[in-house]
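User: Hi! I would like to understand the reasoning behind some labels used for this model. Could you go through them with me?

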Amino acid sequence: AAILASGLNGLVLGGTLGPPLQVDPGDLSDADREQLGITRLPSDLGAASARFKANESVRAAIGDVLHRAVAAVCERDWQAAADRAPEESAPSYRCRF
C-alpha cells in the first residue's frame, strides 16, 4: 500500500521518470548521481525512520494508527541497534523478516 501510495502521489504531483540507467547507481560518483537527479536512499534505520515519519502520502494510505506503530517499531529497533555493530544486529533480523 505504501509503495502504491508513493507512486500515485508522484503522479498527482506531476513527477516523471528519468531516462533508463544502464549502470548500478551505487557505482556512480556523488556528482554523477546529482547530475542525473538520483537521490540516495537512507543509509541507516534512523534516517529511514525519519523519512517514513515525514511521509504524509504513506500516512494517508495506511492510516495514522498503523503509520505510528511502524514508526515506533523502527525507532525502537534503531535505538536497540545503536550501540551494536551490524554483524551483531543482523542475526536478530534473520527470523523476523
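User: Thanks. To begin, why does His-67 count as buried?

Analyst: Happy to help, and please keep in mind that this is a predicted model. His-67 has a relative accessibility of 1%, and buried means under 20%, so the label applies. The residue is in helix H5. Leaving aside neighbours within four places in sequence, His-67 is in contact with Phe-52, Lys-53, Asn-55, Val-58, Arg-59 and Ile-62.

User: Which other residues of H5 are buried, and what puts them on the same side?

Analyst: Together with His-67, the buried set in H5 consists of Ala-71, Cys-74, Asp-77 and Ala-81. They span an arc of only 125° around the axis, and therefore sit on the same side of H5. That buried set packs against helix H3 (45-54), helix H4 (56-62) and helix H6 (86-94). On the face turned away from the buried side, you will find the exposed residues Val-65 and Gln-79.

User: How do you know that the span of H5 is close to the one expected?

Analyst: H5 covers residues 64-81, which is 18 residues. From its first C-alpha to its last it reaches 26 Å, and 26 Å is also what is expected at 1.5 Å a residue.

User: What makes Ser-57 buried?

Analyst: Its relative accessible area is 17%, and the cut-off for buried is under 20%, so Ser-57 falls on the buried side. You can find Ser-57 in helix H4. Leaving aside neighbours within four places in sequence, Ser-57 is in contact with Ala-5, Ser-6 and Asn-9.

User: Why is the pairing of Ser-57 with the side chain of Asn-55 called a polar contact?

Analyst: The two side chains are 2.7 Å apart in this contact, and a polar contact needs a pair of N or O atoms within 3.5 Å, so the distance satisfies that limit.

User: And Thr-39: why is this residue called exposed?

Analyst: Thr-39 has a relative accessible area of 61%, and exposed means over 50%, so the name fits. Thr-39 is placed in the loop between helix H2 (30-36) and H3. Pro-25 is 14 residues away from Thr-39 in sequence, and the two are 9.6 Å apart in space, C-alpha to C-alpha.

User: What makes the meeting of Arg-59 and Asp-64 a salt bridge?

Analyst: Their side chains meet at 2.6 Å, N to O. A salt bridge needs a side-chain nitrogen of Lys or Arg within 4 Å of a carboxyl oxygen of Asp or Glu, so this pair qualifies. In general, side chains of opposite charge can pair when their charged atoms come close. Arg-59 is partly exposed at 21%, and Asp-64 is partly exposed at 35%.

User: Where do Arg-68 and Asp-64 lie, and how far apart are they, N to O?

Analyst: Both lie in helix H5, four residues apart, about one turn of the helix. Their side chains form a salt bridge at 2.3 Å, N to O. Arg-68 is partly exposed, with 47% relative accessibility.

User: Is Asp-77 buried or exposed, and which residue does Asp-77 meet in a salt bridge?

Analyst: Asp-77 is at 7% relative accessibility, so it counts as buried. Its side chain meets that of Arg-76 in a salt bridge of 3.0 Å, N to O. Arg-76 is partly exposed, with a relative accessible area of 46%. Elsewhere, salt bridges that share partners join Glu-56, Arg-59, Asp-64 and Arg-68 into one network.

User: How many salt bridges does the count come to?

Analyst: The count comes to six.

Technical notes. Residues numbered from 1 in each chain as written. Predicted model: local features only at pLDDT ≥ 70, side-chain atom pairs only at ≥ 80, totals over all residues. Heavy atoms only, no water. Helix = DSSP H or I, 4+ residues; strand = E, 2+ residues; numbered from the N terminus. Expected span 1.5 Å × (residues − 1). Buried < 20%, exposed > 50% of the residue type's maximum accessible area, 1.4 Å probe, protein only. Arc of directions from axis to C-beta. Contact = heavy atoms within 4.5 Å. Polar contact = N/O pair within 3.5 Å; in protein donor to acceptor, adjacent residues only side chain to side chain.
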